[in-house]
Amino acid sequence: MASNERCYSSEESDSADAVLNYIGHILMKEGLENGTCMFPDATLQAAEKSFYDVLGEKYPSSINQTPSFCNCHGCKNNVTANNAGESSSVCDLCQQKSCYVLAPPVEYTYQSISSSSMQWFSPPSNFFSTVGDSQSFLPCKDAAKETWGLLPQGNHMNLLVEKGKKDQSASRLMELKKHHQQHQIECEPRRKNKHLAVYNEVPDEPSEMFDRVLLFNNEADESAVYNPEASQIGLGKGSNCEPTRRRKRVNKKDFVDLRTLLMHCAEAAGNNDLKGANEVLLQIRLHASPFGDGSQRLAHCFANALEARLAGTGSELYAALSAKKMSSIHMLKAYRLFASACPFMKISYFFTAQMIMDLAEKSNRLHIIHFGILCGFQWPALIQRLSERPGGPPALRITGIDIPQPGFRPASMMEETGQRLANYCERFNVPFEYNAIVQKWETIQVDDLKINKDEVTVVNCLYRFRCLLDETVVVSSPRDTVLNLIKRINPDVFFHGIVNGAYNAPIFTSRFREALYFFSAVFDMFDANASREDKERIVFEQEIYGKEVLNVIACEGEKRVERPETYRQWQVRNMRAGLRQLPLNQEIVMKVKDHVKLCYNKDFLVDEDSQWLVQGWKGRILSALSCWKVA
């Protein structure tokens, strides 16, 4: 009996290995041509033979032809590659027009999967195809089901027969076949109606939401900054643009200085005192919360980053968070929250739009080169204003530049952005051309940008230069490389917006201290101007700011990409690259200041310093904006 059990277990294990190898080949094997199956016969025969051996039946002799598989679940037959490729696609024995064969794979790159730790993943939707009258494609989910239908079901792919009970096994297998036949009948109409999936550049989006947030509207707070008269007429009756007011804070019974605890934990981590750092981290966890006040949310965010640093998993966690894509809708909601809580982004958009309108007042062609375009939320309002220009709008050309996104479609967001902007231009009758460049910024050449001398050229980069590496990491600094590229472009104006942070020091404790000061102001600003119950605020703080804090604290070397500098440091760097600073337009500056006084908290700061338009909260400068030309 024990010998039989060991034999049964051995056969079960061999069969499971064969099944795993078979599925792995289905998902990973390349080079399939003309619908023929290129899998090794030995692997398939090993899987089939194990079933025949258990049932006590003789395994038929192999056919010296490359097999394809019939999708008719009641049929055990193999169809030769030549027969499977025929237009009729009829199985000779079961007479059903439902034979699916594997199609040549699309050129995608997959990560290798080890045999010891195989994980399921979803192949592209056109990885499997049907052959027949419809020539339609089988979705990957259904294809996986069909392939799985050829295999035994059960926990860990155990055999569905019991030792010594062949009659019960045969009965069970017949029930399984009937179930698969029924599944085939139910799915057949749906499969016949399948068509080649075409990627829609922009998925269905609530255009009203985009218009309300991004376009100029006399009655909407989200777009009030684009109204040149808004700061002077008070936005009119019924406007939602009202000065925000600080809520009354609830007194705490037990006050805990979380920032001091965070500094103690960082100092212990910097001295490699893991025990002391973890003890302080436990105290922080007792009082930190993602749903509390500003200091509690800040402590929660920094505690997560410190925990990752102590565990040595910062780079892996940051890579996983970076691979998580945010849809355009979620990005819009995040922007709407940020714009309603603070004026920094809206001021930058209004400032650049007004400067461009003045610069291209008499030009027939306008070319905007946008480094870090992402979703392109900056441009719909400008497109609307260009359409209202006396004499008609100029021909607008936008070159969107950004780094590749993770996944099978690294340029998907850039394509969506281009299509969305094209829709706005069509709506407002603005001639439009869009070019997307998806690569590292420092690898771009001037010829890639297709510069024309007869057009007004504008280079725009708002708050994204901080993610370029500097000379402390690589000898040839990507920051200087991109600035030299802008110099060769020789634009009519270069808009440079920066995050005014000093947390780029190589020493961890110094970097931690500066990051704590900076983000303390940011979280306090949100706490004063956004509801604590707002779900979008929680997502924004923990997923956007939380990811930045994680990178600053838990990553080192080239993995640490959040490297902001102060506006004075950028001023020196830009001048060293051969750029000269332009004076700010005082009329625009006054409109911006009046708007902030009218519509935002009195603790917001908007001022000028060294020809930079600086913006901050409670006296701390958080961002700055300036204009440049080639010297």
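Which strand does Gln581 lie in? I looked it up in this model, which is predicted. Gln581 sits in strand β10, residues 579-582.

**Entry: around Gln581**

I asked next whether Gln581 is buried or exposed. Its relative accessibility is 14%, so I count Gln581 as buried, the cut-off being under 20%. Then I checked its polar partners. The side chain of Gln581 reaches the backbone oxygen of Gln611 at 3.0 Å. It also reaches the backbone oxygen of Ser610 at 3.2 Å. I listed its contacts too, leaving out residues up to four places away in sequence. Gln581 touches Gln571, Ser610, Gln611, Trp612, Ser626, Cys627 and Trp628.

**Entry: the cores**

I turned to the largest nonpolar core, which has 112 residues. Phe302, Phe512, Phe519 and Phe526 touch the most other members. Helix α17, residues 508-529, gives this core its largest share, 12 residues. I also found a second, separate core of 27 residues. Trp628 is one of its members, and so are Trp441, Phe465 and Leu468. I had already met Trp628 as a contact of Gln581.

I went back to Phe519 for its contacts beyond four places in sequence. Phe519 touches Leu298, Phe302, Tyr503, Tyr545, Glu548 and Val549.

**Entry: α8 against α17**

How far apart are the axes of α8 and α17? I read 9 Å, with the helices packing at an angle of about 160°. That angle makes α8 roughly antiparallel to α17. Their crossing is right-handed. I noted residues from both sides. Among those in α8 are Arg259, Leu262 and Met263. Those they meet in α17 include Phe508, Phe512 and Leu516. Phe512 also appeared in my entry on the largest core.

Terms used. Residues numbered from 1 in each chain as written. Predicted model: local features only at pLDDT ≥ 70, side-chain atom pairs only at ≥ 80, totals over all residues. Heavy atoms only, no water. Helix = DSSP H or I, 4+ residues; strand = E, 2+ residues; numbered from the N terminus. Buried < 20%, exposed > 50% of the residue type's maximum accessible area, 1.4 Å probe, protein only. Polar contact = N/O pair within 3.5 Å; in protein donor to acceptor, adjacent residues only side chain to side chain. Contact = heavy atoms within 4.5 Å. Core = buried A, V, L, I, M, F, W, Y, C linked by side-chain atoms within 4.5 Å. Axes fitted to C-alpha atoms, helices over the stretch in contact; angles between N-to-C directions. Parallel < 35°, antiparallel > 145°, perpendicular 65-115°, else oblique. Left-handed = near helix turned anticlockwise from the far one by under 90°.
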